[in-house]
Amino acid sequence: MIRSVVRGFGAALPKQVVTNRDLEARVDTTDEWIVQRTGIRQRYIAGEGETTASLGEAAARAALDRAGLTPADIDVIILATSTPDNTFPASAVNIQARLGMHHGAAFDMQAVCSGFVYAMATADAYIRGGLARRVLVIGAETFSRIIDWNDRTTCVLFGDGAGALVLEAGEGDGTTADRGILTSHLRSDGAHREKLYVDGGPSTTGTVGHLRMEGREVFKHAVGMITDVIEQAFDATGTTADDIDWLVPHQANRRIIDGSAKKLGIPPEKVVITVDLHGNTSAASIPLALNEAASDGRIKQGDLVLLEAMGGGFTWGSVLLRW
C-alpha cells in the first residue's frame, strides 16, 4: 500500500511580535482578560513586504532543506490560505515561481482554519492515486490584514505565519504501524456561515472586508464537531485515544483545545500547545505547531500523531498519521 509519509517540515514567522501588553495600548483589553479566555500571550504580525506568499516560500524552503530536497523534486504545491496575496492568480503559483519551480502544478485551498487538514487529505489522495510522488503542503496566512483592529473581541485572537510539510510516497503494509497518513476525515456545514465569516469579497462588496465572529456560537459547536471527526478516525483505524502519542490541534483557543482533549480522554501532556506563542494563525496553525514539536524532539519518527481543526463555514476535519 502507498502511504503519504512526512519527509520534511518547516515554518516561518514575521519579524514583529505583538504582545497582549502591546494591544492594551491599542484597544480596550488587558493581558489578563486575553490569557484567561484564550491562552494567547503574543502573536506575530506581518510587516511591510511580508505577505502570505513570502512567508509560505520561507516555510517551504525550510521544509525542503530539512527533507534534503529541492523544488525540482516536488510534483505539486498545495497552499492552504484564506488570505492570498491576490484574488488571482493563486498564491501557490506565486510561491512556485519564488521557488524557481517551472514544472508540476500549484493551487490554493480555502477551508479557513481547517485548510491545512483539507490540504493534507488532498495531497494524500494525489499520492495514493499515483498522480504525484512528492507534494509540498503549505499553510500560510496574514490574518492581520483582514482584522478589524477596533473590534477587541477578534483583533486579540489572530496572528500571521506559515508552516509546511513535504509528503512523499512510501511503501506500507496497510496496517496502523505504517508510517504516513493512515486516514483523514473532512466535513462542512454551510448553515453556520454567519457565525464566522468575512464581510467582503470580489463578488459582493468589491472589498476585502473584515473578519466577523460570534465567539460563543463558535465555541459551542467546536468541541462536538472536532470530536466527531476524531472518533471517525479511531473507528477507521481501530485505534483509541490511548494509542495517540500526540494531539496537534488547530490553535484557536486554549479552552477549546483543553475541552476537546478532555472529552476524548487524551491527557494534557500529549497535547501540543502553541496558541500562547502564535495566536490563531488559521491554516498555518497546525504546521507551525508540528514544526515546534518536531524541532524540539517531542514528536519523533514512529509516533502516532492526530491532527484536527475547525474553521469558518463551518469546516472541520481530522488526519491521523504516523510520523
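H7 and H8 turn out to be oblique to each other, and that is a handy place to start with this predicted model. Helix H7 covers residues 215-237, helix H8 covers residues 254-264, and the two pack at an angle of about 40°. Their axes lie 9 Å apart. An angle of about 40° is not under 35 degrees, so the pair misses out on being called roughly parallel and counts as oblique instead. As for handedness, H7 passes H8 in a right-handed crossing. On the H7 side, the contact is made by Phe219, Ala222, Val223, Gly224, Ile226, Thr227, Ile230, Glu231 and Phe234. H8 brings Arg255, Ile256, Gly259, Ser260, Lys263 and Leu264 to the meeting. Sorted by character, the residues of this contact come out as eight nonpolar, four polar and three charged.

A second helix pair is worth a look too. Helix H3 (residues 52-67) packs with H4 at an angle of about 55°, again with an axis separation given as 9 Å. H3 and H4 are therefore also oblique to each other, and H3 passes H4 in a right-handed crossing. Here the contact is made by Ala53, Ser54, Gly56, Glu57 and Arg61 of H3, which meet Ser91, Asn94, Ile95 and Arg98 of H4. This set of residues splits into two nonpolar, four polar and three charged.

Next come the cysteines. A disulfide is a covalent bond between the sulfur atoms of two cysteines. How many disulfides does the structure hold? The count is zero. Why is Cys113 not bonded to Cys155? The sulfur of Cys113 is 16 Å from the one in Cys155, its closest cysteine sulfur, and that is too far for a bond. To count as a disulfide, the two sulfur atoms would have to be within 2.5 Å. Looked at from the other end, Cys155 is in no disulfide either, with the sulfur of Cys113 as its nearest cysteine sulfur, 16 Å away. Are these two cysteines buried or exposed? Cys113 is buried, with a relative accessible area of 6%, and Cys155 is buried as well, at 1%.

The backbone has a few oddities of its own. Most residues other than glycine have a negative phi, and most peptide bonds are trans. Against that background, the peptide bond from Phe88 to Pro89 is cis, with omega near 5°. Pro89 sits in the loop between strand E4 (76-80) and helix H4 (91-98). The peptide bond from Gly313 to Phe314 is cis too, with omega near -10°. Phe314 has its place in the loop that runs between strand E12 (304-311) and strand E13 (315-322).

Phi offers two more cases. Val112 is not a glycine, yet its phi is positive, near 55°. This residue is found in the loop between strand E5 (105-109) and helix H5 (115-128). With a relative accessible area of 17%, Val112 is buried, since the cut-off for that word is under 20%. Ser282 is the other case: its phi is about 55°, a positive value, although it is not a glycine. Where does Ser282 sit? Its spot is the loop between helix H9 (275-278) and helix H10 (285-295). Ser282 is buried, with a relative accessible area of 1%.

Key
Residues are numbered from 1 along each chain as its sequence is written. This is a predicted model: local features need pLDDT of at least 70, side-chain atom pairs count only at pLDDT 80 or more; totals for chains, interfaces and linings use all residues. Side-chain values use heavy atoms; hydrogens and water are left out. Axes are lines fitted to C-alpha atoms, for helices over the stretch in contact, and angles run from 0 to 180 degrees between N-to-C directions. Helices (H or I, at least four residues) and strands (E, at least two) are DSSP runs, numbered from the N terminus. Angles under 35 degrees count as roughly parallel, over 145 as roughly antiparallel, 65 to 115 as roughly perpendicular and the rest as oblique. A crossing is left-handed if the near helix is turned anticlockwise from the far one by less than a right angle, and right-handed if clockwise. Contact means heavy atoms within 4.5 Å. Ala, Val, Leu, Ile, Met, Phe, Trp, Tyr, Cys and Pro count as nonpolar, Asp, Glu, Lys and Arg as charged, and the others, Gly among them, as polar. Buried means under 20% relative accessible area, exposed over 50%, partly exposed in between (1.4 Å probe, protein chains only).
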